[in-house]
Amino acid sequence: MNTPEIKVVPTPAAIAAEAAERFAVACEAAIAEQGSFSVALSGGSTPKAMHAILATEPYKSRIDWAKVRVFFGDERCVPPDHADSNYRMAHETLLSKVPIPLDNVYRMPGEIDPAEAGMRYDQELNDLFGPAGGLDLCLLGLGDDGHTASLFPHSSALSETTRSCVAHYVEKSTTGKSWRITLTASFINRSRQAMFLVAGAGKAKALQAILEGERDPDQFPAQLIVPTDGKLTWIIDVAAAAMDAD
Ligand code: 6PG
(Lines give C-alpha, C1' and ligand atoms only; values in the text may rest on other atoms or scores of the structure.)
Protein backbone atom coordinates (compact mmCIF):
# COMPACT_ATOMS: atom_id res chain seq x y z
CA MET A 1 0.00 0.00 0.00
CA ASN A 2 1.20 3.49 -0.84
CA THR A 3 1.04 6.30 1.68
CA PRO A 4 -2.22 8.24 1.25
CA GLU A 5 -2.05 11.70 -0.23
CA ILE A 6 -3.71 14.25 2.04
CA LYS A 7 -4.43 17.55 0.37
CA VAL A 8 -5.70 20.33 2.64
CA VAL A 9 -7.44 23.24 0.93
CA PRO A 10 -9.03 26.39 2.39
CA THR A 11 -12.74 25.95 1.70
CA PRO A 12 -15.43 23.50 0.55
CA ALA A 13 -15.38 25.35 -2.81
CA ALA A 14 -11.69 24.60 -3.12
CA ILE A 15 -12.39 20.90 -2.42
CA ALA A 16 -14.86 20.92 -5.30
CA ALA A 17 -12.39 22.59 -7.68
CA GLU A 18 -9.55 20.26 -6.71
CA ALA A 19 -11.75 17.17 -7.00
CA ALA A 20 -13.17 18.20 -10.39
CA GLU A 21 -9.67 18.67 -11.80
CA ARG A 22 -8.54 15.30 -10.42
CA PHE A 23 -11.68 13.64 -11.82
CA ALA A 24 -10.84 15.04 -15.27
CA VAL A 25 -7.18 13.99 -15.06
CA ALA A 26 -8.09 10.44 -13.94
CA CYS A 27 -10.71 10.27 -16.70
CA GLU A 28 -8.30 11.39 -19.41
CA ALA A 29 -5.61 8.94 -18.26
CA ALA A 30 -8.03 5.99 -18.18
CA ILE A 31 -9.49 6.82 -21.61
CA ALA A 32 -6.01 7.21 -23.13
CA GLU A 33 -4.96 3.89 -21.65
CA GLN A 34 -8.03 1.69 -22.03
CA GLY A 35 -10.68 3.67 -23.90
CA SER A 36 -13.10 4.17 -21.01
CA PHE A 37 -13.34 5.53 -17.46
CA SER A 38 -15.35 4.01 -14.62
CA VAL A 39 -16.22 6.12 -11.60
CA ALA A 40 -18.43 5.65 -8.55
CA LEU A 41 -20.10 8.81 -7.30
CA SER A 42 -20.75 9.31 -3.63
CA GLY A 43 -23.91 10.53 -1.97
CA GLY A 44 -24.44 13.14 0.71
CA SER A 45 -24.12 16.86 0.10
CA THR A 46 -20.37 17.47 -0.31
CA PRO A 47 -20.12 16.21 -3.93
CA LYS A 48 -22.78 18.60 -5.24
CA ALA A 49 -20.33 21.49 -5.80
CA MET A 50 -17.91 19.21 -7.66
CA HIS A 51 -20.77 17.97 -9.83
CA ALA A 52 -21.70 21.58 -10.64
CA ILE A 53 -18.15 22.30 -11.81
CA LEU A 54 -18.01 19.13 -13.93
CA ALA A 55 -21.35 20.05 -15.50
CA THR A 56 -20.13 23.46 -16.69
CA GLU A 57 -17.39 24.60 -19.03
CA PRO A 58 -14.54 23.93 -19.43
CA TYR A 59 -15.06 20.47 -17.88
CA LYS A 60 -18.35 19.73 -19.60
CA SER A 61 -16.60 19.72 -23.00
CA ARG A 62 -13.21 18.56 -21.78
CA ILE A 63 -14.61 15.23 -20.53
CA ASP A 64 -15.50 12.63 -23.15
CA TRP A 65 -18.77 11.65 -21.47
CA ALA A 66 -19.55 8.93 -24.01
CA LYS A 67 -16.61 7.01 -22.58
CA VAL A 68 -17.51 7.52 -18.92
CA ARG A 69 -19.36 4.81 -16.97
CA VAL A 70 -20.96 6.04 -13.78
CA PHE A 71 -21.61 3.82 -10.75
CA PHE A 72 -22.67 4.63 -7.21
CA GLY A 73 -20.86 4.06 -3.93
CA ASP A 74 -24.11 3.63 -2.06
CA GLU A 75 -27.83 4.23 -2.22
CA ARG A 76 -30.68 4.80 0.18
CA CYS A 77 -33.52 2.31 -0.40
CA VAL A 78 -35.99 4.80 -1.85
CA PRO A 79 -37.29 5.38 -5.39
CA PRO A 80 -34.99 7.34 -7.75
CA ASP A 81 -37.17 10.46 -7.58
CA HIS A 82 -37.20 10.53 -3.75
CA ALA A 83 -35.53 13.49 -1.99
CA ASP A 84 -33.13 11.09 -0.20
CA SER A 85 -32.02 9.32 -3.39
CA ASN A 86 -28.31 9.61 -4.17
CA TYR A 87 -29.15 8.90 -7.81
CA ARG A 88 -31.58 11.81 -7.84
CA MET A 89 -28.93 14.15 -6.46
CA ALA A 90 -26.38 12.98 -9.05
CA HIS A 91 -28.95 13.24 -11.84
CA GLU A 92 -30.00 16.76 -10.91
CA THR A 93 -26.51 18.14 -10.30
CA LEU A 94 -24.51 16.33 -12.99
CA LEU A 95 -25.93 13.53 -15.10
CA SER A 96 -28.85 15.48 -16.60
CA LYS A 97 -26.48 18.30 -17.59
CA VAL A 98 -23.79 16.43 -19.51
CA PRO A 99 -23.99 14.32 -22.68
CA ILE A 100 -23.60 10.94 -20.98
CA PRO A 101 -25.48 8.07 -22.64
CA LEU A 102 -28.21 6.64 -20.41
CA ASP A 103 -26.74 3.16 -20.80
CA ASN A 104 -23.51 4.35 -19.15
CA VAL A 105 -25.24 5.11 -15.85
CA TYR A 106 -25.44 2.14 -13.47
CA ARG A 107 -27.97 3.07 -10.84
CA MET A 108 -28.47 1.07 -7.66
CA PRO A 109 -32.19 0.14 -7.70
CA GLY A 110 -33.28 1.65 -4.38
CA GLU A 111 -36.95 1.10 -5.13
CA ILE A 112 -36.94 -2.73 -5.12
CA ASP A 113 -36.46 -5.26 -2.33
CA PRO A 114 -33.08 -4.30 -0.76
CA ALA A 115 -31.57 -7.80 -0.67
CA GLU A 116 -32.52 -8.29 -4.32
CA ALA A 117 -31.11 -4.86 -5.22
CA GLY A 118 -27.80 -5.66 -3.52
CA MET A 119 -27.56 -9.00 -5.32
CA ARG A 120 -28.40 -7.49 -8.70
CA TYR A 121 -25.81 -4.73 -8.40
CA ASP A 122 -23.24 -7.23 -7.14
CA GLN A 123 -23.91 -9.39 -10.20
CA GLU A 124 -23.70 -6.39 -12.51
CA LEU A 125 -20.30 -5.41 -11.07
CA ASN A 126 -19.05 -8.98 -11.41
CA ASP A 127 -20.20 -9.14 -15.03
CA LEU A 128 -18.50 -5.83 -15.85
CA PHE A 129 -15.31 -6.01 -13.79
CA GLY A 130 -14.77 -9.74 -13.25
CA PRO A 131 -13.63 -11.25 -9.96
CA ALA A 132 -10.54 -9.04 -9.55
CA GLY A 133 -11.17 -5.84 -11.55
CA GLY A 134 -12.25 -2.54 -10.10
CA LEU A 135 -13.20 1.05 -10.72
CA ASP A 136 -10.82 3.65 -12.07
CA LEU A 137 -12.03 6.12 -9.45
CA CYS A 138 -14.20 5.67 -6.35
CA LEU A 139 -15.37 8.96 -4.85
CA LEU A 140 -16.22 8.80 -1.17
CA GLY A 141 -17.55 11.00 1.60
CA LEU A 142 -17.01 10.76 5.34
CA GLY A 143 -19.69 10.92 8.00
CA ASP A 144 -19.18 12.52 11.42
CA ASP A 145 -19.31 8.98 12.85
CA GLY A 146 -16.54 7.67 10.58
CA HIS A 147 -18.77 5.95 8.01
CA THR A 148 -18.12 6.04 4.30
CA ALA A 149 -20.41 4.95 1.45
CA SER A 150 -23.07 3.08 3.52
CA LEU A 151 -20.45 1.30 5.59
CA PHE A 152 -21.69 2.42 9.00
CA PRO A 153 -20.01 1.67 12.36
CA HIS A 154 -20.69 -1.83 13.70
CA SER A 155 -22.87 -2.72 10.69
CA SER A 156 -22.99 -6.12 9.01
CA ALA A 157 -21.59 -4.91 5.66
CA LEU A 158 -18.19 -4.24 7.25
CA SER A 159 -17.31 -7.91 7.47
CA GLU A 160 -18.31 -8.74 3.88
CA THR A 161 -15.25 -9.98 2.02
CA THR A 162 -16.57 -11.89 -0.98
CA ARG A 163 -19.29 -9.67 -2.45
CA SER A 164 -18.81 -6.35 -4.25
CA CYS A 165 -22.17 -4.92 -3.18
CA VAL A 166 -24.60 -5.71 -0.37
CA ALA A 167 -27.78 -4.33 1.16
CA HIS A 168 -28.15 -4.06 4.92
CA TYR A 169 -30.39 -2.49 7.51
CA VAL A 170 -28.67 0.31 9.41
CA GLU A 171 -29.97 1.38 12.83
CA LYS A 172 -28.24 4.74 12.86
CA SER A 173 -27.69 6.15 9.39
CA THR A 174 -27.72 9.76 8.22
CA THR A 175 -31.39 9.22 7.32
CA GLY A 176 -32.29 7.41 10.55
CA LYS A 177 -33.08 3.69 10.61
CA SER A 178 -32.84 2.69 6.99
CA TRP A 179 -32.03 0.06 4.44
CA ARG A 180 -28.92 0.87 2.44
CA ILE A 181 -27.17 -0.59 -0.59
CA THR A 182 -23.41 -0.19 -0.55
CA LEU A 183 -20.24 -1.13 -2.33
CA THR A 184 -18.14 -3.26 -0.01
CA ALA A 185 -14.69 -2.26 1.19
CA SER A 186 -13.20 -5.22 -0.67
CA PHE A 187 -14.61 -3.94 -3.98
CA ILE A 188 -13.68 -0.30 -3.28
CA ASN A 189 -10.15 -1.48 -2.51
CA ARG A 190 -9.84 -2.86 -6.04
CA SER A 191 -10.09 0.74 -7.38
CA ARG A 192 -7.17 2.42 -9.09
CA GLN A 193 -7.94 5.41 -6.92
CA ALA A 194 -10.21 6.05 -3.94
CA MET A 195 -10.75 9.72 -3.23
CA PHE A 196 -12.42 11.12 -0.11
CA LEU A 197 -13.91 14.64 -0.12
CA VAL A 198 -14.29 15.89 3.45
CA ALA A 199 -15.55 19.32 4.46
CA GLY A 200 -16.46 20.97 7.75
CA ALA A 201 -15.52 21.02 11.43
CA GLY A 202 -18.09 18.31 12.20
CA LYS A 203 -15.80 15.78 10.50
CA ALA A 204 -12.59 16.79 12.31
CA LYS A 205 -12.82 14.33 15.21
CA ALA A 206 -13.56 11.29 13.04
CA LEU A 207 -10.96 12.33 10.49
CA GLN A 208 -8.25 12.59 13.09
CA ALA A 209 -9.16 9.19 14.55
CA ILE A 210 -9.12 7.62 11.07
CA LEU A 211 -5.84 9.11 9.91
CA GLU A 212 -3.90 9.26 13.16
CA GLY A 213 -5.62 6.98 15.66
CA GLU A 214 -5.44 3.27 16.41
CA ARG A 215 -6.85 0.93 13.81
CA ASP A 216 -10.51 0.39 14.73
CA PRO A 217 -12.50 -0.06 11.52
CA ASP A 218 -15.56 -1.38 13.33
CA GLN A 219 -15.87 2.06 14.93
CA PHE A 220 -14.39 4.03 12.00
CA PRO A 221 -15.29 2.11 8.82
CA ALA A 222 -13.43 4.58 6.56
CA GLN A 223 -10.25 2.92 7.83
CA LEU A 224 -11.21 -0.12 5.77
CA ILE A 225 -10.50 1.82 2.59
CA VAL A 226 -6.97 0.98 1.55
CA PRO A 227 -6.74 0.28 -2.20
CA THR A 228 -4.62 -2.85 -2.73
CA ASP A 229 -2.77 -1.59 -5.79
CA GLY A 230 -4.27 1.85 -6.13
CA LYS A 231 -3.96 5.31 -4.73
CA LEU A 232 -5.75 6.72 -1.69
CA THR A 233 -6.41 10.46 -1.73
CA TRP A 234 -8.01 12.67 0.91
CA ILE A 235 -9.09 16.16 -0.12
CA ILE A 236 -10.10 18.01 3.01
CA ASP A 237 -10.73 21.58 4.01
CA VAL A 238 -9.02 23.34 6.91
CA ALA A 239 -12.14 23.04 9.06
CA ALA A 240 -12.13 19.24 8.74
CA ALA A 241 -8.38 19.22 9.27
CA ALA A 242 -9.01 21.35 12.41
CA MET A 243 -6.41 23.87 11.31
CA ASP A 244 -6.60 27.64 11.17
CA ALA A 245 -7.75 29.12 7.89
CA ASP A 246 -4.71 31.42 7.72
C1 6PG B 1 -24.84 8.64 1.89
C2 6PG B 1 -23.38 8.64 1.66
C3 6PG B 1 -22.48 8.96 2.77
C4 6PG B 1 -21.95 10.38 2.65
C5 6PG B 1 -21.42 10.88 3.96
C6 6PG B 1 -20.97 12.32 3.89
O7 6PG B 1 -25.54 8.19 1.04
O8 6PG B 1 -25.27 9.09 2.96
O9 6PG B 1 -22.86 8.33 0.47
O10 6PG B 1 -21.43 8.06 2.93
O11 6PG B 1 -20.96 10.45 1.65
O12 6PG B 1 -22.43 10.76 4.93
O13 6PG B 1 -22.07 13.09 3.56
P14 6PG B 1 -22.00 14.68 3.44
O15 6PG B 1 -21.21 14.98 2.22
O16 6PG B 1 -23.43 15.11 3.31
O17 6PG B 1 -21.36 15.17 4.70
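Colleague: Which residue of β7 does Tyr169 stand opposite?
Modeller: This is a predicted model, where local features need pLDDT of at least 70, side-chain atom pairs count only at pLDDT 80 or more, and totals for chains, interfaces and linings use all residues. Residues are numbered from 1 along each chain as its sequence is written, and side-chain values use heavy atoms, leaving out hydrogens and water. Strands here are DSSP runs of E, at least two residues, numbered from the N terminus. Opposite Tyr169, in β7, you will find Trp179.

Colleague: How many bridges join β6 to β7?
Modeller: Two strands count as paired if DSSP finds at least two bridges between them. β7 covers residues 176–183 and runs antiparallel to β6. A hairpin of two residues links β6 to β7, and Cys165 has Leu183 as its bridge partner in β7. The number of bridges joining β6 to β7 is seven.

Colleague: Why is one side of β4 and of β6 left without a neighbour in the sheet?
Modeller: The open sheet has three strands in the order β4-β7-β6, with antiparallel pairing. β4 (74–76) and β6 (165–173) each have one side free because each has a single partner strand and stands at the edge.

Colleague: What is the bridge partner of Arg76 in β7?
Modeller: Strands of a sheet pair through backbone hydrogen bonds, either parallel or antiparallel. β4 and β7 run antiparallel, joined by three bridges. For Arg76, the partner in β7 is Arg180.

Definitions and conventions. Helix = DSSP H or I, 4+ residues; strand = E, 2+ residues; numbered from the N terminus.
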